[in-house]
Each structure stands twice: as structure tokens, then as C-alpha cells.
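Trainee: Please take one buried spot in this protein and walk me through its surroundings. After that, widen the view to the rings and the domains.

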Amino acid sequence: MTDTASAYNHWEVQPLSIRLSAGEFEQRVPLSLRGDVDAPVFASSNPEVAEIGPDGVIRCGWTIGNAVLMVWRSSVRDSLRHVLVEVRDPSWFADHPDFASGASVFLSGTVVNALNTSGVGNALIEFRRSETGPAAFQTFANAYGRFELSVPEGFYYVEVTAPGYIAWHGWVNADPNTSGDIQIVLSPELDGQVARIVLQWGLNPRDLDSHLTGPTPSGGRFHVFYSHTIENEAAELDVDDTSSYGPETITIHRLIPGVYRYAVHDYTNRNANPSTGLAQSGASVKVFLSDGREQTFTVPNAPGTVWTVFEIDGATGTVTPVNAMSYQSQPANVGM
């Protein structure tokens, strides 16, 4: 690169340029100095992107941007080399032709309304290589909520939006060996309701049930599930699915002081003990709150027929994860 003293030409630094993907963890790259080097000195033009210590090890990867590293041959700074560091968003590598790889995977699916499972027409589906990266691929659902597109194999962070609905976010694995129809469930925006809870799962077990229990003004506890779908002014079961995949949706209309508890019951295997059907179901729960908060829970890999997912403090609205597995054969006792 640049040499400030022609008397010292017989030394070099490798590598002279580094380009890597941003990530959650620090990445370390040691520089190699060869030739007539005596007590080298290092500095960075942008330490937020790339730091370099007296050991010549570059520490970077957590902040996107560029940095130029200066390497002097000795402490008197009589000869200089430069190293360029570029930290890129992961999507840059995924979309750059030099890094393109993998087979093309055909994906299809349906965007449905969490309250009635009807198709959500004209929803925008965007596929990203990272949570913060730009959209690499996108398509629109048709009037019935159906969509199709082809993408290179890999993991994608997907965002689905439609007017009047809360945006959906999640990871999708585009795998040519396992790809199938994708069901994306959009919750209508909350309009005076406190929260909405959406359960989805895979092909088996065929019947998982949502259960919400909570306090009543008289001091008792209500229980909303398939045999008691509405608790006056408190909550209701909007959708009950008995044939795989879901969704099952519960909307909470108001909170009063006390503990609200949400659980998932493996109705199909309710009389089995031991049972791993629920653990292997791929079940996930999304809870949307009126203040814009959103949380996603994934079923633990542990035996049981009841998954107690979370509790809500009725006085503060605080959601506390529980994620505990247990056994219960009687649906009326789940969550009580």
C-alpha cells in the first residue's frame, strides 16, 4: 500500500483487505507481518468497526461499516502499510453473484386471517437474509392469500405485511428436500383488545388445543377452551382447529388484577404417558400485545401432554415465560 520511507521496502502485511459478514459475536483475524519488522505499531481509522491491538489481532464483526488499519514497521513509524476492513450485512454475501450457491427452491403457501382462517389477499411477502437486511426476494399473495416464488436454498427471515394487520416475522428454511406449503397467520390489528394469542404446529398430532385461564371479578377463575369458547368481556376462542397445523387463536379483551395462564394441550395424546407427541409437533405460539410488543414461544423438547407457555400479570400486563411440560388427561383441568 503506502510506504513512507523507501529504505524499508522488504516487509509486508497479509492480508491487505478483509471482507466479512456482520454477526452477533466478535470475530478475530490475526495479521501476518513478514520481513524487516521491528516492534510494529497498529492503529484503526474506525475502531467502532474494527479494532486492532498491539498483538496485531483484528477484532471486528459486530458493526457494519469500513475501517482502514495502519501498520507501521517500527515504533518510530518509519514505514507504513494499510489494511482495508469491510464488515457487510449478511444479505450482501447472499445476493452477490460471487457468493451465489445452492439449488433453487420453489415455495408456496397461504396467508390467512388469525380470526377466521380466510385468505388475506394482496399481502406482501419479503424474504431477507438477515433480520435487518434488505429484501432479497419478494412477492404478493393473490386475492385468496396464495403465493408462490422460487429462491436459492437457505434460511430466510420473512416479513409479511397487509393493511389492517400486524406484521408477521419469522425464519423459513428453503430446503429442496423438505420444502412444503407454508401457512402464515396474520393477526388483525388490535382495536381495543388487550392481546391476541396464535398457536400453530405441524402435521402431528392432529389436535392441539389452546387454553386460557384467568381471574373473574367475583374471585373465581374462568377457563376459555373448545368447550367454553367465550368468557363475557374477558376472552374468547376465535378459532378451534382439530385437523393439524392450526391456527388456534384466543383474543383477550380486558385484564383485571390476577394471573392469566396460557397453555397448549395435546388432545390427541391426552391419555398417553409417556408422550413426546407435543414436543415433536413443531408447535409455536405468538402473543401480540396492544402496546406493540410481540413474543414468540417454541415448544420445549421434553415429554408431556401439556405445555404451559406463559403467564400474564393482569395488573401490569407483564408477560412471563413458563415453558413447562406436564401431563393432564382431562381438558377441563388444563391451566387451572
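Mentor: Start with Thr213, on strand β18, which spans residues 208-215. The model is predicted. Is Thr213 buried or exposed? Thr213 is buried: its relative accessible area is 0%, and the cut-off for buried is under 20%. What does the polar side-chain group of Thr213 face? A polar atom of that side chain lies 2.9 Å from the backbone oxygen of Gly335.

Now the contacts, leaving aside residues up to four places away in sequence. Thr213 touches Arg221, Phe222 and His223, among others. Val259, Tyr260 and Arg261 are also on the list. So are Val334, Gly335 and Met336. Gly335 thus appears twice: as a contact of Thr213 and as the owner of the backbone oxygen at 2.9 Å.

Next, the rings. A pair of aromatic rings is described by the distance of the centres and the angle of the planes. The model has 8 aromatic pairs. One of them joins Phe127 and Tyr156, edge-to-face, with 5.7 Å centre to centre and 75 degrees between the planes. Edge-to-face requires over 60 degrees. Phe127 sits in strand β11 (residues 124-128) and Tyr156 in strand β14 (residues 154-161), so the pair ties together parts 29 residues apart in sequence. Both Phe127 and Tyr156 are buried. Phe137 joins Phe127 and Tyr156 in one aromatic cluster.

Rings also meet charges here. Arg77 lies over the face of Trp72, 4.3 Å from the ring centre. Arg270 places its charged end over the ring of Tyr267, at 3.8 Å from the centre.

Now the domains. The domain assignment gives domain 1 as 11-88, domain 2 as 104-185 and domain 3 as 190-333. How far apart are the C-alpha centres of domain 2 and domain 3? They lie 25 Å apart. Across that boundary, 10 residues of domain 2 are in contact with 14 residues of domain 3. The size of an interface is often given as the accessible area lost when the parts come together. Between domain 2 and domain 3, the buried area is about 930 Å², and carbon and sulfur atoms give 59% of it. Which three residues supply most on the domain 2 side? Leu115, Ile166 and Gln183 do: they supply 48% of the area that domain 2 buries against domain 3, more than any other three residues.

Key: Residues are numbered from 1 along each chain as its sequence is written. This is a predicted model: local features need pLDDT of at least 70, side-chain atom pairs count only at pLDDT 80 or more; totals for chains, interfaces and linings use all residues. Side-chain values use heavy atoms; hydrogens and water are left out. Helices (H or I, at least four residues) and strands (E, at least two) are DSSP runs, numbered from the N terminus. Buried means under 20% relative accessible area, exposed over 50%, partly exposed in between (1.4 Å probe, protein chains only). A polar contact is a pair of N or O atoms within 3.5 Å; within protein, one must be able to donate a hydrogen and the other to accept it, and residues adjacent in sequence count only if both atoms are side-chain atoms. Contact means heavy atoms within 4.5 Å. Rings of Phe, Tyr and Trp (its six-membered ring) pair if their centres lie within 6.5 Å; planes under 30 degrees apart count as stacked, over 60 as edge-to-face and the rest as tilted. A charge sits over a ring if NZ of Lys or CZ of Arg is within 6 Å of the ring centre and within 35 degrees of the ring normal. Domain bounds come from an automatic or database domain assignment. Buried area is the accessible area (1.4 Å probe) that two parts lose on being put together, summed over both.
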